[in-house]
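I wanted to know how the helices of this protein are arranged against one another and what lies between them. These are my notes from going through the structure.

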Amino acid sequence: MPYQLQLLRNLIERHPERAGNLELHVRALEQSIEELPFTCLSNVRSMFEAMQLSVNGVLKITYGEGDDFAKRTSLVIKSLDLALGNHPQKDKIDLHLKRLLGSINGVASSLAALSNIPNLRHGGALDWPTLERQHAYMLGGLCDALVSFLLDVAWSRPSEEVEVPPGASYADEREFNESLDNEYELVEIAGSIFEPSRVLFALDPTQYEAALAEWRLTNTAEGEKEAAA
């Protein structure tokens, strides 16, 4: 039976209006675990970054320009409301649950560190050992549990308190659009000429968001490598 991220798939079924392109990331991780386990680390990190981008509007988080992967996850955790409604000690419950979730920060830091090791994400010598299937199963299960929990808490807020996060805005992604336009040729139809990025955004917004997420992932990784150098 093919490997499935059961918790994340159940979450998408319960919150289809908030899921956006999450299913693309789910399918990519499931496929990598089954067919190319040595690539799963990149997909796990991409899933966490998709979560960070998905909830920042819902939780009213503002990421700083210098915030790294682990810092953004920490901001998500601190913004969650884990209190149990009208419980007389709800503040204490919230405090201790967040302390318990502090281990997720350790996970995020370790994922970031692993992602920068040659051959685990950025490539290395062909004869170097790399991640195997048991590693892929562990990373996939970890991602399924943690990401689904963080999304579930954020998405379960009463609808009147939050707005459903919109899809990608073409005008707000100028650098990404320029990268697409530099990579692909202009599209000419019946004498009219269109930019490749605008065509993709208009005709296949789901693929546009998937490509945008991958572009952000690549640029974040390069930025962290430069910062660590």
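**Notebook: helix packing and cores**

I began with one pair of helices, and I note that H9 and H10 are roughly perpendicular to each other. The model I am reading is a predicted one. For this pair I looked up the geometry: the axes of H9 (residues 174-183) and H10 (residues 196-203) come within 7 Å and cross at roughly 115 degrees, and because 65 to 115 degrees counts as roughly perpendicular, I kept that word for them. I then listed the residues that make the contact, which are Asn177, Leu180 and Asp181 on the H9 side, and Pro196, Ser197 and Leu200 on the H10 side.

Next I stepped back to the whole protein. I find 11 helices and 2 strands, and, reading along the sequence, I see nine α elements, then β-β, then α-α. Of the 229 residues, 37% count as buried, and I put the accessible surface at about 13,300 Å², with 54% of it belonging to carbon and sulfur atoms. Among contacts with a separation of 6 or more, 65% join residues 24 or more positions apart.

I then turned to H1. Which residues of helix H1 (residues 6-14) are buried? I found Leu8, Arg9, Leu11 and Ile12. Seen down the axis of H1, these buried residues fall within an arc of 160 degrees, so they line one face of the helix. I recalled as background that an α-helix has 3.6 residues a turn, so residues three or four places apart point the same way. As for partners, the buried residues of H1 pack against H2 (16-19), H3 (22-35), H4 (40-55) and H8 (133-155).

After that I looked for nonpolar cores. The largest has 43 residues, and those with the most contacts inside it are Met47, Phe48, Val55 and Leu151. At least two residues of this core come from each of H1, H3, H4, H5 (69-79), H7 (102-115) and H8, and H8 gives the most, with 9 residues.

I followed Phe48 further: leaving aside its neighbours within four places in sequence, I find Phe48 in contact with Phe69, Val107, Leu111, Cys143, Leu146 and Val147. Apart from the largest core lies another, of 5 residues, and I noted Tyr170, Phe176, Leu180 and Tyr208 among them. Leu180 had already appeared in my list for the contact between H9 and H10.

Conventions: Residues numbered from 1 in each chain as written. Predicted model: local features only at pLDDT ≥ 70, side-chain atom pairs only at ≥ 80, totals over all residues. Heavy atoms only, no water. Buried < 20%, exposed > 50% of the residue type's maximum accessible area, 1.4 Å probe, protein only. Helix = DSSP H or I, 4+ residues; strand = E, 2+ residues; numbered from the N terminus. Arc of directions from axis to C-beta. Contact = heavy atoms within 4.5 Å. Core = buried A, V, L, I, M, F, W, Y, C linked by side-chain atoms within 4.5 Å. Areas by Shrake-Rupley, 256 points an atom, 1.4 Å probe, with all protein chains shown as cover. Axes fitted to C-alpha atoms, helices over the stretch in contact; angles between N-to-C directions. Parallel < 35°, antiparallel > 145°, perpendicular 65-115°, else oblique.
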